[in-house]
Amino acid sequence: MKIIILGAGQVGTSVAANLVSEANDITVVDHNPDLLRELQDRFDLRTILGHGAHPDVLRRAGAEDADMIIAVTNSDETNMVACQVAYTLFHTPTKIARVRAQSFLDQPKLFGTDALPIDFPISPEALVTEYILRLVENPGTLQVLDFAGGRIRLVAVKAHYGGPLVGHELRTLHEHMPRVEARVAAIYRQDRAIEPQGDTVIEADDEIFFVAAPKHIRSVMSELRRLDRPYKRLIIAGGGNIGTRLAGALELNYRVKIIERDLKRCKRIAENLEKTIVLHGDAADRDLLLEENIENTDVFCAVTDDDEANILSAMLAKRLGARKVMALINRPSYVELVQSGAIDIAISPQQATIGSLLKHIRRGDVVVVHSLRRGAAEAIEAIAHGDETSSKVIGRSIENIRLPRGTSIGAIVRGDEVLIAHHDTVIAAEDHVILFLQDKARIPEVERLFQVGVTFL
């Protein structure tokens, strides 16, 4: 595809890195020459210097024959106007815009061909908030990702000594829980992928990805580790868009405190939230954390816009006794550095966002994409179209489908029914198929598998 990306910041760079590796024709537009130079040094793509919403700049970027425009500058207004210009002057088929302000997102009538012609508005802040909410609702998980509107979830968890399944073969999972439908989709041992087989022995510290209905998640987790007790007390460091959204979503069911350095923002947050306690101060202030009983805090979540501040405050909170600490980290190199250290969960806004973009770029009918393990792996929800003569999957049992190496089918959603995949499960037309890919490079093979042949009318 020919894709124009407006904005070479953290989100734009992450999107470009993901898309250029898949043989797309990428052009990045930004008004900062240093950012563009850095991108050109790292990736095989074109760069255009200029304002992304200006018609002449879009024309130089190739908007006249572009398949898609992804506007992810730091300005909502620039992103929205750029989509309007691309639609009106260049008839660009697909237009995606980053929209951060909740006041815009609360007005769905704004987005459409008769208003602002944005096909898919995306909000990284909203996606990150949802991501953290899932982690809070499922104590002990590393990732919790929704498919089929939340009816089935992919969960990542680290196996610990003492879990009934640790030290035993994977096939014993069904023996332990005959009434629980679940499937292990992937195992990572010391960052190396292991193909899950019935005779695979689970070891302590394995990172396990499994598929299950929400009601069965804790049952499966109890086989892999001692269950964490439900969280009650949370401290959020940072009262920006993410921190405020997160507190608003949690305050009715949890005891929530926000620590914010800006006094004016503190007052504004206190006015907008009902039960959250808003504290004016520095989240890396040891005395403040001790005063707020950090040792009795279940989750400390640092979500300021400063990576270093998030890392340091989370490490301090962990040292002072917080049960679980999370830190929002933009720089990929930092994520890799801290993920298995003093910080329990490093949250990457780029990884949370990229999936919502990739689903519009995948060939075949792909409705959900989740980027995993810092972009190396993916989980997707694809719809099987066609019939037995035109499709490579319809009418075939899973054991007879030639899946790419390192790819597994975890579940199938058929109408209102969720089926955990087994070797003899047969795929029918219009099934939603949940796949896990250990290697993202296999995506084109999966796309071809779900494309309909020319014989289908």
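Two strands count as paired if DSSP finds at least two bridges between them. In this predicted model, strand E12 (residues 233-237) and strand E15 (residues 299-302) meet that condition, as 4 bridges join them and they run parallel. Within this pair, Ile236 of E12 stands opposite Cys301 in E15.

E15 is a good place to begin a tour of the parallel sheet. A further 4 bridges link E15 to strand E16 (residues 324-328), again in the parallel sense, and here Ala302 has Ala327 of E16 as its bridge partner. The connection between these two strands passes through helix H12 (residues 307-319), and E15, H12 and E16 together make a right-handed β-α-β unit. In a regular strand, side chains alternate between the two faces of the sheet. For E15 both faces are covered: Val299 and Cys301 are buried on one side, and Phe300 and Ala302 are buried on the other.

The whole sheet is open and holds 6 strands, in the order E14-E13-E12-E15-E16-E17, with parallel pairing. Its edges are formed by strand E14 (277-280) and strand E17 (345-347); each has a single partner strand, so one side of each has no neighbour in the sheet. Neighbouring strands are turned by 20° against each other on average, with direction ignored. Towards the E14 edge, strand E13 (residues 255-260) pairs with E14 through 4 bridges in the parallel sense, and Ile259 has Leu279 in E14 as its bridge partner. Helix H10 (residues 263-272) packs on the sheet, where it touches E13 and E14, and its direction makes about 175° with that of E14. Another helix, H9 (residues 241-250), lies across E12, E13, E15 and E16 and runs at about 165° to E13.

A second sheet offers a contrast in pairing. Here 5 strands form an open sheet in the order E7-E8-E11-E9-E10, and the pairing is antiparallel. Strand E7 (143-147) and strand E10 (192-194) stand at the edges with a single partner strand each, so one side of each is left without a neighbour in the sheet. From one strand to the next, the twist averages 20°. Inside this sheet, strand E9 (residues 182-189) and strand E11 (residues 207-212) run antiparallel and are joined by 6 bridges, with Arg183 opposite Val211 in E11. Helix H6 lies across E7 and strand E8 (152-158), running at about 115° to E7.

Attention can now turn to the interior. The largest nonpolar core has 46 residues, and the members that touch the most others are Ile132, Ile152, Leu154 and Phe436. Helix H6 (residues 124-137) supplies the largest share of this core, 6 residues. Beyond its neighbours within four places in sequence, Ile132 is in contact with Ile242, Leu246, Cys301, Val303, Met326 and Ile347. Apart from this core lies another, of 44 residues, which includes Val72, Ile354, Val366 and Leu449.

One lysine also deserves a look. Lys95 is found in strand E5 (residues 94-98). Is Lys95 buried or exposed? Its relative accessible area is 3%, and because buried means under 20%, Lys95 counts as buried. The side chain of Lys95 reaches the backbone oxygen of Pro93 at 3.4 Å. Leaving aside neighbours within four places in sequence, the surroundings of Lys95 consist of contacts with Ile69, Cys83, Tyr87, Pro117, Ile118, Asp119 and Phe120.

Conventions. Residues numbered from 1 in each chain as written. Predicted model: local features only at pLDDT ≥ 70, side-chain atom pairs only at ≥ 80, totals over all residues. Heavy atoms only, no water. Core = buried A, V, L, I, M, F, W, Y, C linked by side-chain atoms within 4.5 Å. Buried < 20%, exposed > 50% of the residue type's maximum accessible area, 1.4 Å probe, protein only. Contact = heavy atoms within 4.5 Å. Axes fitted to C-alpha atoms, helices over the stretch in contact; angles between N-to-C directions. Right-handed = clockwise from strand over helix to strand, strands pointing away. Polar contact = N/O pair within 3.5 Å; in protein donor to acceptor, adjacent residues only side chain to side chain.
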